[in-house]
Amino acid sequence: MTDVSALSIDQLSQEIARLRALVGQQEQTIQTLNHQLHLFRTARFGRKSEKAVVPEQLALQFDEAVPVVEVQLIENCPPTETQTITYTRTKKGTGRKPLPQSLPFVEQVYDLTDEEKQCVCGCALTHIKDEITEQLDVVPQMTFRVVHIRKQYACKACEETIKLAPLPKQPISQSIATPGLLAAVIHSKFRCHMPLYRQETMFDEAAISLTRGTLSNWVIKAAELLTPLVKLMEDGIQTYDVAYADETPLQVLKEKGRPPTQKSYMWLFIGGTPSQRAFVYQYHPTRSHQIPADFFQDFKGYIHADCYKAYSSLAAQGAIRHAACWAHARRYFVDVTKTTKKEGLAHQIIALIGKLYLLERSFKGNNASVATILEERTLKANPILLQIKEILDKASLNVLPKSPLGMAIFYALTHWDALNTYLCDGRLEIDNNLSERSIKPFVIGRKNWLFHGNDRGARAGSILFSLIETCKYHKVDVFSWLKYVLANIQQAHTITQLESLLPYNINTQLLTDMRKLPNLTFSAQGGVN
């Protein structure tokens, strides 16, 4: 402790200033920690949605006062004009949808007894029509044997010539796995997120012995067979000037030179024309900046991505322009609003960003052309962005940089040019939500199977996720496509033949029979499982 009696007035003033600064730092630390604690509690117990700000569930909000600077800025801010934007939205139909007529069916006929067919007047009732209703039934995991009978012939004259009818080339030689079984295993794990050990249990319940190790080897070999298709998709991304990128953590247990607890990453790159848009996943042990730099080495155009330096630094190459994500910028302000009930600058910024998104929704609802989108953004979105910029510039002079609000302002201003890139081209989007939505299926799957056993499995997963997500985007049935391609890819010997198998090039008429049951023979010992 300082001896106050021995200090002069100047020394006392300096000590008071020091203590005030210390108190200010501690108050800032307390505010930051309270903000972080609230975000953790909200993530654990509260609402996950970032839509309109409403009182939090379970009374998770802190009743904190809004900083005076925030109120002052709003009071001094000029009144904003109200702008009405209209757009149409197609409402989804309600009620029960009819069952697909392609499904096999069993008829069950119900008739009246002979006594019930007599009227009380004594006459016989006449059949006038059938009342038909449908239900849906299922036989779990229907499996059946494919018995290959190869005719063999010999010459009785010379007794030297023997000929055997060839077996069609299989995806995995000397294996019991047909294209349909491989497609079912891959579809169950990577489309329906069912781990292989659960599939092993399902087969075991059907009295079929297939170990998890066998299933895993099948998945890896099938992915190796399909790798050339993903290479073609990578080339397609380079030929179009709009792309998307994102990444998410992944755990790989057994990888040479790395502990099992060390983070690996699954990267996602999206690109190509809308009619041939490709989704390419890549497994890498690190989050190195070199990974997107290598992938986009020959790329020229716009890349939608968050503001991770691996993406923002791509613009330094000159041929690439970074289109930052407004959803990420908005999220920082949403986090601020979660810790206060009172309206403040963060609410104002969110409202203005909401106007930008309302304009974007109107484009989609009205199927606006690229030229119309570019013109409307210049006329309507640009003034809103200028208003946001003015508010943020003023606020940055008064808000503490390390406060939650200060960090939100700093993020937006630091990446302001990239956030405005989407104004340059009507094909661009306001955010990177396409990548966010596309990487979500991998995240959901990761929650089910938790990790990859080794790097071979992780790379196989990246190949199969690439093809499945591309199928989903182009509304191609995943199972049917996998079954057809696994049966035919070894007969594709040229680039043109391989390109015809890509999800966005496939002739869908070829897939119509992939889900149909063949004519089965039921043996007395059990037949079909």
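**Close-up 1. A207 sits in the loop between α4 (196-205) and α5.** Welcome to this predicted model; our tour starts at a single alanine. A207 has a phi near 65°, which is a positive value in a residue other than glycine. Is A207 buried or exposed? With a relative accessible area of 72%, A207 is exposed.

**Close-up 2. E159 lies in the loop that runs between β1 (152-154) and β2 (162-164).** Here is another residue to look at for its backbone. Although E159 is not a glycine, its phi is positive, at about 55°. The relative accessible area of E159 is 67%; because exposed means over 50%, E159 counts as exposed.

**Close-up 3. Helix α15 (residues 478-488) is largely enclosed by the rest of the structure.** Why can we say so of α15? Eight of the eleven residues in this helix are buried. To find them in the view, look for V478, F479, S480 and W481, followed by L482, Y484, V485 and L486. And which helices do these buried residues pack against? Their packing partners are α3 (179-191), α5 (212-238) and α14 (455-473).

**Close-up 4. W481 is one of the buried residues of α15.** Leaving aside residues up to four places away in sequence, W481 touches L229, L467, C471 and V476, and also L501, L502, P503, I506 and L511. W481 also belongs to the largest nonpolar core, which has 123 residues. Together with L226, L229, F296, W326, F333 and I388, W481 is among the residues that touch the most other members of this core. Which helix gives the most to the core? That is α5, with twelve residues. As a general background note, nonpolar side chains tend to be buried together in soluble globular proteins.

**Close-up 5. Helix α8 (residues 326-337) packs with helix α11 (residues 404-414).** Two packed helices are described by the angle between their axes and the distance between the axes. For α8 and α11, the angle is about 170° and the axes are 9 Å apart. The two helices, α8 and α11, are therefore roughly antiparallel to each other. On the α8 side, the contact is made by H328, A329, Y332, F333 and V336. On the α11 side, the residues that take part are P404, L405, A408, I409, Y411 and A412. How many residues of each class does this contact have? Between α8 and α11 there are ten nonpolar residues, one polar residue and no charged ones. You may recognise F333 of α8 from the previous close-up, where F333 was listed among the residues touching the most other members of the core.

Terms used:
Residues are numbered from 1 along each chain as its sequence is written. This is a predicted model: local features need pLDDT of at least 70, side-chain atom pairs count only at pLDDT 80 or more; totals for chains, interfaces and linings use all residues. Side-chain values use heavy atoms; hydrogens and water are left out. Buried means under 20% relative accessible area, exposed over 50%, partly exposed in between (1.4 Å probe, protein chains only). Helices (H or I, at least four residues) and strands (E, at least two) are DSSP runs, numbered from the N terminus. Contact means heavy atoms within 4.5 Å. Axes are lines fitted to C-alpha atoms, for helices over the stretch in contact, and angles run from 0 to 180 degrees between N-to-C directions. Angles under 35 degrees count as roughly parallel, over 145 as roughly antiparallel, 65 to 115 as roughly perpendicular and the rest as oblique. Ala, Val, Leu, Ile, Met, Phe, Trp, Tyr, Cys and Pro count as nonpolar, Asp, Glu, Lys and Arg as charged, and the others, Gly among them, as polar. A nonpolar core is a set of buried Ala, Val, Leu, Ile, Met, Phe, Trp, Tyr and Cys residues joined through side-chain atoms within 4.5 Å.
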